[in-house]
Number of protein chains: 2
Amino acid sequence: MRVLVIYDISDDDSRTKLADDLKRLGLTRIQRSAFIGNITAATVKEISRVCSHRARGEDDIVHIVPLCDYDWRKSIVIGKPMNEYGGDVQVV
Amino acid sequence: MRVLVIYDISDDDSRTKLADDLKRLGLTRIQRSAFIGNITAATVKEISRVCSHRARGEDDIVHIVPLCDYDWRKSIVIGKPMNEYGGDVQVV
């Protein structure tokens with residue numbers, strides 16, 4: 001399944017470590033605080049666990065959003081994505 | 001249709017103005033740089049236009065992602081959302 005992970009984490013160290021965790025778990029960075037990837041349900045659970053561990057600040061928040069192929073293909077990207085990634089999204 | 005708008009905009013003024021634009025266009029803030037809302041196709045076009053106008057920095061990037069009800073309901077939220085918003089997403 002494809003998931004989009006977006007986060008607001010105030011502590012620099014925790015934020016950097018979460019980015020490293022998400023890369024290690026097979027996700028691809030598309031913005032400074034947004035990752036996407038095709039992963040198993042077990043990996044979603046692990047991502048949820050890791051995010052809970054890193055997002056300890058009072059206002060920290062993470063959204064883990066499943067994304068079906070149709071929606072991802074219909075996405076609009078403005079600017080230059082941070083990384084190459086799959087899907088024929090519309091870059092404007 | 002529901003859309004999720006996430007952005008990386010380096011210039012503080014442009015970033016603030018984009019947030020104001022997105023609120024004005026009926027979206028709800030869920031993170032510092034993430035908004036969601038149920039809007040018309042015409043409003044999606046307007047959002048795309050506004051984002052292109054605000055995202056002028058070399059590394060600026062915006063994703064406008066359609067999100068079907070099923071995917072949004074299956075989303076996992078870690079932490080406290082910035083605003084009240086619809087949907088019975090799973091907050092952990």
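**Entry 1: Asp71 of chain B**

I began by asking whether Asp71(B) is buried or exposed in this predicted model. Its relative accessibility comes out at 5%, and buried means under 20%, so I wrote Asp71(B) down as buried. I found this residue in helix α3 of chain B, which covers residues 69-73.

Next I looked up what Asp71(B) touches, leaving out residues up to four places away in sequence. My list reads Pro66(A), Leu67(A), Cys68(A) and Asp71(A). I also checked a distance within chain B: the C-alpha atoms of Asp71(B) and Pro81(B) are 17 Å apart, with these positions 10 residues apart along the chain.

**Entry 2: where the two chains meet**

Those contacts made me curious about the interface. How many residues does each chain bring to the contact? I noted 37 residues from chain A and 37 residues from chain B. I reminded myself that interface size is often given as the accessible area lost when the parts come together. For chain A and chain B, the buried area is about 3,000 Å², with 56% of it on carbon and sulfur atoms. Three residues, Gln31(A), His63(A) and Ile78(A), supply 23% of the area that chain A buries against chain B, more than any other three residues.

Then I turned to charges. I counted 2 salt bridges between chain A and chain B. One of them joins Arg32(B) to Asp8(A), and their closest N and O atoms lie 3.3 Å apart. For polar contacts across this interface, my tally is 16 residue pairs, with both residues at pLDDT 80 or more.

Which elements of chain A supply at least two residues each to the side that touches chain B? I listed β1, β2, α2, β4 (61-66), α3 (69-73) and β5 (76-79). The biggest giver is β4(A), with 6 residues.

**Entry 3: helix α1 of chain A**

Last, I tried a small check on α1(A), residues 12-24. At 1.5 Å a residue, its 13 residues should span 18 Å, and the end C-alpha atoms are indeed 18 Å apart, so the expectation and the model agree.

I then picked out the buried residues of α1(A): Ser14(A), Leu18(A), Ala19(A), Asp21(A) and Leu22(A). Why do they sit on the same side of the helix? They do so because they cover an arc of only 160° around the axis. These buried residues pack against β1 (2-8), β2 (28-31), β3 (34-38) and α2 (41-54) of chain A.

One more jotting: just after α1(A), I came to Gly26(A), which takes a positive phi of about 95°.

Notes
Residues are numbered from 1 along each chain as its sequence is written. Chains are lettered from A and ligands numbered from 1 in the order in which they are written. This is a predicted model: local features need pLDDT of at least 70, side-chain atom pairs count only at pLDDT 80 or more; totals for chains, interfaces and linings use all residues. Side-chain values use heavy atoms; hydrogens and water are left out. Helices (H or I, at least four residues) and strands (E, at least two) are DSSP runs, numbered from the N terminus. The expected span of a helix is 1.5 Å times one less than its number of residues. Buried means under 20% relative accessible area, exposed over 50%, partly exposed in between (1.4 Å probe, protein chains only). The arc is that of the directions from the helix axis to the C-beta atoms. Contact means heavy atoms within 4.5 Å. Buried area is the accessible area (1.4 Å probe) that two parts lose on being put together, summed over both. A salt bridge is a side-chain nitrogen of Lys or Arg within 4 Å of a carboxyl oxygen of Asp or Glu. A polar contact is a pair of N or O atoms within 3.5 Å; within protein, one must be able to donate a hydrogen and the other to accept it, and residues adjacent in sequence count only if both atoms are side-chain atoms.
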